Structures are given as C-alpha cells and as structure tokens.
Amino acid sequence: KRGAAADKPAGRGRRGGRGGGAGARGGAAVEEPEEPKVDADEIDSSELAGEVVELETGSLIYISNVMATAHVGCGLDLRHLARNVPNAEFNMGSRKSTCIVRVRNPPVTAEIFNSGKMHIFGPTSEAVARVAARRLARKVQLSGFDARFRRFKIA
C-alpha cells in the first residue's frame with residue numbers, strides 16, 4: 001500500500017474498530033448522571049448548540065441550526081467572486097444580487113452581498129459558524145480582494 005492508506009492499520013472500520021461499548025457484543029450500558037434543569041432566562045445559544053436541554057417546565061430544546069452574519073470589510077465584485085471561488089454561483093435577484101457559496105467542511109451555505117456582508121446558513125453551533133465564516137473570508141481574500149474577517153455575530 002502507498003500513501004495515506006499505508007499509515008492506517010488494516011481491519012478497522014469507519015469508527016476505528018475494536019471499541020468497547022454496549023453494541024452487538026452485549027457489554028453493560030454505562031449510566032449517565034442526570035443533567036440539571038435550566039431556567040429559560042439562563043440559556044446561552046453557544047452552550048446549547050446540538051444538545052438537548054430540559055427546562056424547568058419539562059420542555060426539551062434541541063438547537064440544530066444556527067444563522068450567522070459576518071463582514072469582510074470591503075466591497076466585492078460578485079461576478080469576479082463567482083468565477084474565482086469554488087462552489088460559488090452568481091445570483092441576479094430582482095432586489096439584490098448575491099453570490100451563493102457552498103462550503104463542504106463545515107457543511108454550510110453562505111450568501112455574500114456586494115457590500116461585503118455574508119449570511120451563513122446551516123451550521124450546527126456557534127463555533128462551526130465562526131470557522132465557516134473565517135474560511136469564507138479567506139476564500140474571498142484569495143480571490144483577490146482586500147478582505148478581513150470582521151463583525152461576526154449569531155443572528
């Protein structure tokens with residue numbers, strides 16, 4: 001074997017094989033401690049992303065999608081951006097023209113305006129949204145604009 005495949009041990013599946021756990025082999029399940037109930041006023045979206053939380057009322061909340069905005073700090077030529085950024089398309093709307101960019105890792109979609117503002121759709125947490133926005137700003141910078149990652153916020 002050559003390359004990256006030679007470095008991996010043979011016989012392990014996607015998840016690394018040989019783990020413990022209570023799968024088909026019939027191991028004992030480990031009991032998890034109960035999570036404390038949270039007051040609705042104390043909820044911070046960055047702590048809850050992708051998790052289930054039980055409120056005092058007994059309701060369960062699961063945050064699975066976050067929308068974020070960021071700015072690149074300069075005006076953009078969207079047609080140039082669509083030609084030079086992979087997985088980008090120019091969208092000539094009736095009200096505003098945008099450039100739609102899809103990022104594979106993390107899997108998000110961004111809408112970029114000619115003012116430099118970006119709307120990021122699809123991340124599962126605030127941390128994932130920040131990484132995606134930084135990667136998008138870097139793609140804009142590599143396409144020839146004087147772009148900087150600025151004014152990130154969760155909407």
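Asp146 is exposed in the predicted model, its relative accessible area being 57%. The side chain of Asp146 meets that of Arg148 in a salt bridge, with an N to O distance of 3.8 Å. Arg148 counts as partly exposed, because its relative accessibility is 40% and the exposed class begins over 50%.

The count of salt bridges comes to two. In the other pair, Arg102 is joined to Glu89, and the closest N and O atoms are 3.3 Å apart. Arg102 belongs to strand β5 (residues 97–103) and Glu89 to strand β4 (residues 88–92), so this salt bridge ties together parts that are 13 residues apart in sequence. Arg102 is partly exposed, at 41% relative accessibility. Glu89 is likewise partly exposed, with a relative accessible area of 41%. In general, side chains of opposite charge can pair when their charged atoms come close.

Strand pairing was examined around β7 (residues 117–121). Strand β3 (residues 67–71) pairs with β7 in the antiparallel sense, over five bridges. Within this pairing, Ala68 has Ile120 of β7 as its bridge partner. Strand β6 (residues 108–113) also runs antiparallel to β7 and is joined to β7 by four bridges. Here Ile112 stands opposite Met118 of β7. A hairpin is formed by β6 and β7, with three residues between the two strands. Gly116, in the turn of this hairpin, has a positive phi of about 105 degrees.

Strand β7 also contributes to a charged feature of the surface, since Lys117 is placed in this strand. Lys117, Arg150, Arg151 and Lys153 form a positive surface patch. The most is given to this patch by strand β8 (residues 150–154), which supplies three residues. Lys117 has a relative accessibility of 36% and therefore counts as partly exposed. This value also satisfies the requirement of over 30% relative accessible area for patch residues.

A nonpolar patch is found on the surface as well, with an area of about 330 Å². Val52, Leu60 and Tyr62 make up this patch. Leu60 lies in strand β2, which spans residues 60–62. Leu60 counts as exposed because its relative accessibility is 60%, above the 50% limit for that class.

Note on methods. Residues are numbered from 1 along each chain as its sequence is written. This is a predicted model: local features need pLDDT of at least 70, side-chain atom pairs count only at pLDDT 80 or more; totals for chains, interfaces and linings use all residues. Side-chain values use heavy atoms; hydrogens and water are left out. Two strands pair if DSSP finds at least two bridges between them. Patches are made of residues with over 30% relative accessible area and no salt bridge: like charges are joined within 9 Å, nonpolar side chains (Val, Leu, Ile, Met, Phe, Trp, Tyr) within 5 Å. Accessible areas come from the Shrake-Rupley method with a 1.4 Å probe; for residues, only the protein chains shown count as cover. A salt bridge is a side-chain nitrogen of Lys or Arg within 4 Å of a carboxyl oxygen of Asp or Glu. Buried means under 20% relative accessible area, exposed over 50%, partly exposed in between (1.4 Å probe, protein chains only). Lys and Arg count as positive and Asp and Glu as negative; His and the chain ends are not counted. The place of a charge is taken as NZ of Lys, CZ of Arg, CG of Asp or CD of Glu.
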